[in-house]
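Please find below a short note on the structure, written for a reader who has not met it before.

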Amino acid sequence: EKRLVAYLVPNDAKTTINDLRSFLKTKLPEYMIPAAFVFLESMPLTPNGKVNRRGLPVPDASSLVPESSFVAPRDSLELQLAQIWSQILGVSPIGVRDNFFDLGGHSLLAVRLMAEIEKQFGKNLSLAALFQGATVEQLAILLRQKTDTHSWSPLVAIQPQGNHPPFFCMPGSGGNVVYFHQLARHLGSDRPFYALQPPSLDGVSAPFNSVEEVAAYYLKAIQTIQPSGPYFLGGHSFGVLVAFEIAQQLQQKGETVALLALFDLPARLPGSTLKQLDWDDTRWLTNAAYILEMLSGKNLDISYETLKPLSSETQLKLLKQQMETVNLLPPNSAIERVRGIVQTIKADELAFMSYVLQGGYQGLITLFRTSEVYRDELGMLSEIPTDPTWGWNQLSTQPVEVHVVPGNHVTMLDEPHVQVLAEKLNFF
C-alpha cells in the first residue's frame, strides 16, 4: 500500500517524531499524516540543484511511527465494513477506529457508504448513525444490534469482485478467517476470494467432530457459489486437512480441482502414532489462549494455575476481558463469542488428531511451506516427514509442487511476507 514518508532537516535537535505527529494532527486529516519521518543532515541534490528523490534513503523500522492507534478488523463483519470503506475512500489499510471523515470521507461518499452497507447486509442505517459513530467499530455494533435474525453463512466474501473462478480458503484452528485479508488484497481485485468459517463460532451451535464433517459442510456452501469445477482450493494449518478432504470429496463426485494450495502443514502419514489427550476443560481453555496468542502475537497473560480454581463461566469472562484489552475482540462482546472460539479450537484440534489422510489423490498438490521446521501447537505430529514435500508426495499420484516462502507458520500470511506468497500463488 502507499504510505507517506516525510524527509526533513531539523533545525532543533530536540524535535521528536511524536512532536511532529502531534503538531500535524492539528493541521491535517489522519490519512495525510506521514507513516514515517526521516531526519537528514541535508537533502540530496541533483547537479542542477533540485532535490534528488532517488537519493532519499528508504525509511527503516525505527523511523516508522508506531501505529498504536491502528486496530485491524477482528471478525468478518468488521472486515467486510473495512473492505467497503477501502473501496469508497481509496485508502488502505483501514483500522476499525479510524474516523470516516478523517480518512477523506465527505457527505456524498457517506451516502454511497450507506447504500453499499444496505446492499451487502440488507440493513438500512441512517446517515445520522454515521455522524454519531464514524468508525468501523461503531457501525459494526449498530449492525449487530439490527441483526437479531442473523442468518449464519459459512462463506465470508473477503473479496467478492472479479471475473476469474473464485479461490476458496480454509482457516486454521479456531476458524477465524479475518487473517486472510492481506493475501486476498495481494491476489488482486479480479480474483474473488472466499473463506469458510464454522457455525460453532456462535457459541451455541455444536461443533463438528471430524474433518470429513467440516469438509462436507463447507463443500455444500462452496457449491452454492460455484456449482461445478474446476475448483481452486486452499487451506492454512488445520485448514490444510479440510482443503485436502474437500478435494478428495470433489474427486469422488467426478469434479476437477485445478488448484489445491496447502499452506505450511506436514502430512501425517498413515501408521504414525497418535497422541492421546486426557485434558480437563481448563487445560483446553489455556490451550485456546495459547493458540490465540500465537496467531495474533499478543500476550493474553492466561495460565492453567490462575484459571484452575475459577468456575468455567469466570474463566471465560477472564479470557474475554483479556481479548478485549488487546483488541482481539470488539468491546462488550457477548460471552458466547468467547465460548464459540474455545469450543471450536478444541473441536478442530481433536478432529486434527483423529483424521487419517487417504492416499491416491489424483490431482496436483501445491505446498507453500516456510523454511522453519514445523512445530504444531500440541506436539501432535510425533514424526514429521523430512523430504521437501513434507510427506505429501506419498498421498498423490502426481508430483507435488513445493514453494518455500518467507516468514514462519503465522507471519507467512502477514506483510511483508504475504506479497511473496501471493506472487507464487498467482494462478492466472
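The points below concern one helix, its packing, and the nonpolar cores.

1. The model is predicted: local features need pLDDT of at least 70, side-chain atom pairs count only at pLDDT 80 or more, and totals for chains, interfaces and linings use all residues. Residues are numbered from 1 along each chain as its sequence is written, and side-chain values use heavy atoms, with hydrogens and water left out.

2. Helix 9 (a DSSP run of H or I, at least four residues, numbered from the N terminus) has 16 residues and reaches 23 Å from its first C-alpha to its last, close to the 22 Å expected at 1.5 Å a residue. Gly297 follows helix 9 and has a positive phi, near 70°.

3. The buried residues of helix 9 (under 20% relative accessible area, 1.4 Å probe, protein chains only) include Trp284, Asn287 and Ile291. The buried residues of this helix pack against helix 10, helix 11 and helix 12, where contact means heavy atoms within 4.5 Å.

4. Helix 9 and helix 11 pack at about 10°, with axes 11 Å apart; they are therefore roughly parallel (an angle under 35 degrees) to each other. Thr282, Leu285, Ala289 and Leu292 in helix 9 meet Gln315, Leu316, Leu319 and Met323 in helix 11.

5. The largest nonpolar core (buried Ala, Val, Leu, Ile, Met, Phe, Trp, Tyr and Cys joined through side-chain atoms within 4.5 Å) has 42 residues, and Ile246 and Trp392 are among those touching the most other members. Helix 8 gives the most to this core, with 9 residues.

Methods: Axes are lines fitted to C-alpha atoms, for helices over the stretch in contact, and angles run from 0 to 180 degrees between N-to-C directions. Helices (H or I, at least four residues) and strands (E, at least two) are DSSP runs, numbered from the N terminus. Angles under 35 degrees count as roughly parallel, over 145 as roughly antiparallel, 65 to 115 as roughly perpendicular and the rest as oblique. Buried means under 20% relative accessible area, exposed over 50%, partly exposed in between (1.4 Å probe, protein chains only). The expected span of a helix is 1.5 Å times one less than its number of residues.
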